[in-house]
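Please work through the exercises below with the sequence and the structure open side by side, and try each task before reading its solution.

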Amino acid sequence: MNTYNPKPEHQFTFGLWTVGSRGRDPFGSEVRESKTPAELVYLLGEVGAYGVNFHDNDLIPIDATPAEAESIKKAFRQALASTGLVVPMATTNLFSDPVFKDGAFTSNDPKVRAYARQKTMKSIDLGVEFGAKVYVFWGGREGVETDSSKSAVEAIKRTREALNFFCEYALDRKYDLKFALEAKPNEPRGDIYNPTTGHMLAFIETLDHPEMVGVNPEVAHEHMAGLNFMHGVAQAWEAGKLFHIDLNDQYPGRYDQDLRFGSRDLKAAFYLVKFLEDVKYNGSRHFDAHAYRTEDYEGVKDFARGCMRTYLILKEKAAQFNADAEVQALLAEINADDGAMAPFLGKYTPEKAAALKEHAFDRVAIAQPGRKYERLDQLTIDILTGTR
Ligand code: GCO
Ligand code: MN
Ligand code: MN
């Protein structure tokens with residue numbers, strides 16, 4: 001009997017900002033008391049997480065003195081040692097402070113752009129100090145409310161210049177670090193540049209060191225844009241760019257909800273988990289989600305356990321799908337290939353093109369058979385609902 005207990009090999013991670021969220025929203029203040037980073041590590045240890053990620057200011061407040069910073073780091077390090085949690089990823093908060101109200105790397109003010117680079121370098125140092133191997137860039141404020149204010153082309157150039165700078169910085173410092181770019185279409189800005197994972201993938205190829213840079217796709221962000229998340233993840237994977245992933249859930253067309261993983265679109269979550277497991281994705285499964293505002297910290301633990309449990313349930317369902325004889329027979333039938341078209345497919349040659357142009361296709365006959373996808377989808381639903 002599978003107990004769906006999280007284990008280190010599952011690489012389940014949470015951000016300090018996720019379980020540490022105090023439930024503030026645009027219409028209401030905090031509902032949960034504040035917890036220190038060390039306390040949050042113990043909470044994550046209790047629910048069975050493997051790792052914890054942080055923004056620089058989740059760990060060390062923006063105006064902490066050097067002495068305060070040292071004592072916070074000491075308590076955090078002790079909590080990591082006693083729980084066995086690791087820090088696989090770190091990132092910079094370039095969105096909360098008023099200085100970033102018009103963005104960081106894309107701000108129209110060069111002082112802000114320079115300060116953002118300074119803050120990011122220090123934050124990279126902090127992440128590396130705790131062992132992070134992946135460094136995420138989420139440009140939450142890199143956008144506009146009015147396109148009168150900023151050149152969209154200039155914004156891309158500024159972002160490129162900043163990322164090239166950090167790649168050189170990491171190389172210079174001999175850091176064992178990869179960068180992962182996280183797209184989001186909007187919120188907190190009216191529109192954010194490079195709004196989807198696909199945009200990010202194209203942008204990465206224009207950098208000086210594209211090999212150091214991949215993506216960190218997030219379920220909610222692609223669902224906000226009305227996209228099929230798994231397809232974006234698959235494209236990133238196929239390009240060798242899936243360096244990290246942010247798991248949560250989201251109703252399309254709504255504000256940024258950060259729901260517990262799998263709690264909204266179970267079927268989409270199933271195809272995603274099945275994809276990650278089928279291709280043997282070997283990175284963190286990071287839950288970038290928040291507990292409902294209705295919860296106390298017991299509810300936060302329920303939320304965190306729920307994210308991991310749903311992932312493991314869906315992983316089991318994916319294995320069941322792969323082992324199901326009827327499903328596999330249907331898939332074999334759907335993908336049947338008698339080799340007759342081999343001379344026409346594959347790479348281009350002038351002879352192949354000429355032969356293909358001459359070939360007579362019986363278009364009407366080819367279109368006749370049904371594809372049996374209704375049956376296949378219902379089998380998937382039966383598996384997912386535990387009916388099969
Ligand atoms: C959001 C984002 C953030 C980032 C985080 C790490 O919608 O607020 O998903 O949670 O993932 O800043 O870069
Ligand atoms: Mn998000
Ligand atoms: Mn995220």
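The exercises that follow concern a predicted model, and each task comes with a worked solution.

**Exercise 1. The sheet**

Work out the order in which the strands of the open sheet are arranged, and identify the edge strands.

Solution. Begin with the order, which reads E8-E6-E4-E3-E2-E1-E10-E9 for the 8 strands of this open sheet, with parallel pairing. Next, look for strands that pair on one side only: these are strand E8 (213–215) and strand E9 (246–247), and they are the edge strands.

**Exercise 2. The surroundings of strand E1**

Determine which strands E1 pairs with, and which way the side chains of Phe12, Thr13, Phe14 and Gly15 point.

Solution. Step one is the pairing with strand E2 (residues 51–55), which strand E1 (residues 12–15) joins in the parallel sense over 3 bridges; within this pairing, Gly15 has Asn53 of E2 as its bridge partner. Step two is the pairing with strand E10 (residues 285–287), which also runs parallel to E1 and is joined to E1 by 3 bridges, with Arg285 of E10 as the bridge partner of Phe12. Step three concerns direction: Phe12 and Phe14 point one way from E1, Thr13 and Gly15 point the other way, and all are buried.

**Exercise 3. Helix H6 and Asn164**

Find the strands that helix H6 lies across, and decide whether Asn164 is buried or exposed.

Solution. Helix H6 (residues 152–172) lies across strand E4 (134–138), strand E6 (178–182) and E8, and runs at about 155° to E6. Asn164 is found in this helix, H6. The relative accessibility of Asn164 is 12%, so Asn164 counts as buried, given that the cut-off for buried is under 20%. Apart from neighbours within four places in sequence, Asn164 is in contact with Leu207, Asp208 and His209.

**Exercise 4. The two manganese ions**

List the protein donors of the manganese ion (ligand 3) and of the manganese ion (ligand 2), and identify the residue that coordinates both.

Solution. Take the manganese ion (ligand 3) to begin with: its protein donors are Glu182 (OE), Glu218 (OE), Asp246 (OD) and Asp288 (OD), at 2.0 to 2.2 Å. Its site is octahedral, with angles of 82 to 177° among the 6 donor atoms. Along the chain, the donors of this ion (ligand 3) have the spacing E-x35-E-x27-D-x41-D. Distant parts of the chain are thereby linked, since Glu182 lies in strand E6 and Asp246 in strand E9, 64 residues apart.

Turn now to the manganese ion (ligand 2), whose protein donors are Glu218 (OE) and His221 (NE2), at 2.1 to 2.2 Å. The manganese ions (ligand 2 and ligand 3) are 3.7 Å apart, and the residue coordinating both is Glu218.

Finally, check the accessibility of these donors. Glu218 counts as buried because its relative accessibility is 1%, and His221 counts as buried at 3%. Glu182 is buried at 6%, and Asp246 is buried with a relative accessible area of 1%.

**Exercise 5. A pair of helices**

Describe how helix H10 and helix H15 cross, and name the residues that make the contact.

Solution. Two packed helices are described by the angle between their axes and by the distance between those axes. For helix H10 (residues 266–278) and helix H15 (residues 373–384), the axes come within 11 Å and cross at roughly 95°. H10 is therefore roughly perpendicular to H15. On the H10 side the contact is made by Lys267, Phe270 and Tyr271, and on the H15 side by Asp377, Thr380, Ile381 and Leu384.

Terms used
Residues are numbered from 1 along each chain as its sequence is written. Chains are lettered from A and ligands numbered from 1 in the order in which they are written. This is a predicted model: local features need pLDDT of at least 70, side-chain atom pairs count only at pLDDT 80 or more; totals for chains, interfaces and linings use all residues. Side-chain values use heavy atoms; hydrogens and water are left out. Two strands pair if DSSP finds at least two bridges between them. Helices (H or I, at least four residues) and strands (E, at least two) are DSSP runs, numbered from the N terminus. Contact means heavy atoms within 4.5 Å. Axes are lines fitted to C-alpha atoms, for helices over the stretch in contact, and angles run from 0 to 180 degrees between N-to-C directions. Donors are N, O and S atoms within 2.8 Å of the metal (3.2 Å for Na, K and Ca); water is not among the atoms, so sites may look incomplete. Four donors count as tetrahedral if all angles lie between 85 and 135 degrees; four count as square planar and six as octahedral if opposite donors are over 155 degrees apart and all others between 65 and 115; anything else is irregular. Buried means under 20% relative accessible area, exposed over 50%, partly exposed in between (1.4 Å probe, protein chains only). Angles under 35 degrees count as roughly parallel, over 145 as roughly antiparallel, 65 to 115 as roughly perpendicular and the rest as oblique.
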